[in-house]
Amino acid sequence: MLLEMTAGAFPDREVLSHDDTRLSAAELFAAAGAAAAELRASGATRAAFLDISSPALPVALFASAWAGVPFVPLNYRLTGAELDRLIEQITPCHLVTDPARAAELGTREGVTATSSADYLARARGGAAPDPSWGMDPEEIAVLLFTSGTTGPPKAAVLRHKHLVSYILGSIEFAAAPEGAAALSCVPPYHIAGVASIASSLYSGRRIVQLPNFDAEGWIDLVVREGVSHAFVVPTMLVRIVEALEARGDVELPSLQAISYGGGKMPLPVIERAMKLFPEHTAFTNAYGLTETSSTLTVLGPDDHRSAAASGESEVRRRLASVGRCLPGVEIEIRDEDGKTLAAGQRGEICVRGEQVSGEYLGQGSRVGSDGFFPTRDAGWLDDEGYLFLEGRADDVIVRGGENMSPGEIEDVLVQHPAVADCAVVGVPDEQWGEAVAAAIVCKSGAAVEAGELRDFVKSQLRSSRAPQHIVFRDELPYNETGKLLRRIVREDLAEATS
Amino acid sequence: MLRIKPGNRVQSAVCATELMVVQAPDADLDLRCGGAPMQEIGADRPADAAVDPSLKAGSQIGKRYVDADGTLELLCTKPGEGTLAVGDAALQLKEAKPLPASD
């Protein structure tokens, strides 16, 4: 539907670039139609995609919507056993994947496998069927296995009504000028990877794909393709900033906007980035979940500028917030008993809106009778509705009956000049139930004593927040989309401190 | 008269306009375009179809049109020249607030 509108409005506009492969809106529409016919003929009830980004990805996404078969992007970094468990849940499926896996998995019962390259070639060569479609808003559009930082992956259910509400609520059709291009370097199995395809096409921006992120490749592609918009996760921005600082003389005249999200952005990184990027590059921070069809809140370019320029600490700290709700989204902060908390108080972030699904395959909906979905993320709102994240609600450290959020302590530690990165977790403690423990990564060439870091925390927070245990590590465990794997840090530190 | 639900598509009987239903009241609607009742998508247009010359406000692709009490919202998926209306009451263009790209 979204693609048909784009193809109808400007059929000849180039909407996808991947190395030398370029597709116009009309070509993408025709390919999706031919692929939809193949998908219907396969008899599959799920359209799985297990590969890095390529032009086959948007073709497969729109073909699945056209054919009325849920789209299921799978994480190509999972092990064979992990993938087997996911694939079992989605047969009979049509699977687009790399050639090796196509050969291996194609022999399984209930799996029709094809390589991305063959799939794309057939779709581009095939006859476009009659462009008739009916969309049932209640049908499942996408099944997305969540990253599972706290447990085994669950499949979040996004119905057409959720995704369409998100797109219509946040994007103006065809608002992008000719020549606008969005660099997509988020993997297909991440909600931002899926949502950005729909939002770029709907707004009329060309999608420029970078399947395997590295900072140098990203910078080169921005220059070569005249990229105007890019979404990155915090770890990517850290590397881009470092690479730009190392190169010194790179100019990025086309780059109008960088949006970031998917994990906590350390304040020093965004401050450095705002100084380093040209003045015409606007920054937007977005917070959202798979279960909420991507973005819920936005800290826009004006928020960034006014916060960075402000002398008032209340305004300045908003640079570390994720901004305010999109229209059509409501947020409440609630305590453990479900009571709504006032501004400034920490609790669980609960959200309501038509784009919010909150449903998991086989497990039903977690949305309450009042329409609010408890995100399990912890945070607080300031007086003007800016949302500050404090990590997962489950990450709260309970020390002697006192609840504390790791994020608050990490925010202080990372400001120490010797600290490059850090993670704070609770570890078992006989006296307190839990004790505060910190894993510290020092900047290269820098060193600091544990005692100095404790004093540094005490100088800004209550003394109970000062980490009882401090260990130094070369790096912290992140998943590939920039989420800290806190469970692994917790296991590491529990062992190191026992 | 048409009974429409979110996700349904309708077309003008007299011009190229196509709409998708975003929101609709649970009732029969006298939805019109260019003065003539609208049809389900794919229906044959009458041979003598013509837009009423006094009802040529037109529709723009990607824009949303709403009724006065906000119970009906339609997305234009193909533009045309006829005025969109329920009965004699023309639908209004819903203004969108520009937002920064977030993904």
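Two strands pair if DSSP finds at least two bridges between them. The exercises below use that rule on a predicted model.

**Exercise 1. Place strand S3 of chain A among its partners.**
Which residue of S5(A) is the bridge partner of A:Arg46, and in which sense do S3(A) and S5(A) pair?

*Solution.*
- Step 1. Locate the strands. S3(A) spans residues 46-50, and S5(A) spans residues 93-97.
- Step 2. Find the partner. A:Arg46 bridges to A:Cys93 in S5(A).
- Step 3. Read the sense. S3(A) and S5(A) run parallel, with five bridges.
- Step 4. Turn to S4(A), residues 71-73. S3(A) pairs with S4(A) in the parallel sense too, over three bridges. Here A:Ala48 has A:Val72 as its bridge partner.
- Step 5. Add the helix. H3(A), residues 56-67, joins S3(A) and S4(A) in a β-α-β unit. What is the hand of this unit? The unit is right-handed.

**Exercise 2. Sort the side chains of S3(A).**
Which residues point one way from S3(A), and which the other way?

*Solution.*
- Step 1. Take one direction. A:Arg46, A:Ala48 and A:Leu50 share it.
- Step 2. Take the other. A:Ala47 and A:Phe49 point that way.
- Step 3. Apply the burial cut-off: 20 or more other C-beta atoms within 10 Å of a residue's own. Five of the five residues of S3(A) are buried, so defined.
- Step 4. Combine. Both directions from S3(A) carry buried residues, A:Arg46 included.

**Exercise 3. Describe the sheet that contains S16(A).**
What is the strand order, and which strands stand at the edges?

*Solution.*
- Step 1. Write the order. The open sheet has four strands, S16-S17-S20-S21 of chain A, paired antiparallel.
- Step 2. Name the edges. S16(A), residues 329-334, and S21(A), residues 387-392, each have a single partner strand, so one side of each lacks a neighbour in the sheet.
- Step 3. Give the twist. Neighbouring strands are turned by 45 degrees against each other on average, direction ignored.
- Step 4. Check one pair. S16(A) and S17(A), residues 347-353, pair antiparallel over six bridges. A:Val329 has A:Gly353 as its partner in S17(A).

**Exercise 4. Characterise the contact of chain B with chain A.**
How many residues does each chain bring?

*Solution.*
- Step 1. Count by chain. Chain B brings 18 residues and chain A brings 34.
- Step 2. Assign strands. S2(B), residues 18-23, and S7(B), residues 73-78, each supply at least two residues of chain B's side.
- Step 3. Pick the leading contributor. S7(B) gives the most, with three residues.
- Step 4. Sort by type. Chain B's side has ten nonpolar, five polar and three charged residues.

Notes. Residues numbered from 1 in each chain as written. Chains lettered and ligands numbered in written order. Predicted model: local features only at pLDDT ≥ 70, side-chain atom pairs only at ≥ 80, totals over all residues. Buried ≥ 20, exposed ≤ 12 C-beta atoms within 10 Å, placed from the backbone. Right-handed = clockwise from strand over helix to strand, strands pointing away. Axes fitted to C-alpha atoms, helices over the stretch in contact; angles between N-to-C directions. Contact = placed C-beta atoms within 7 Å. Nonpolar A, V, L, I, M, F, W, Y, C, P; charged D, E, K, R; others polar.
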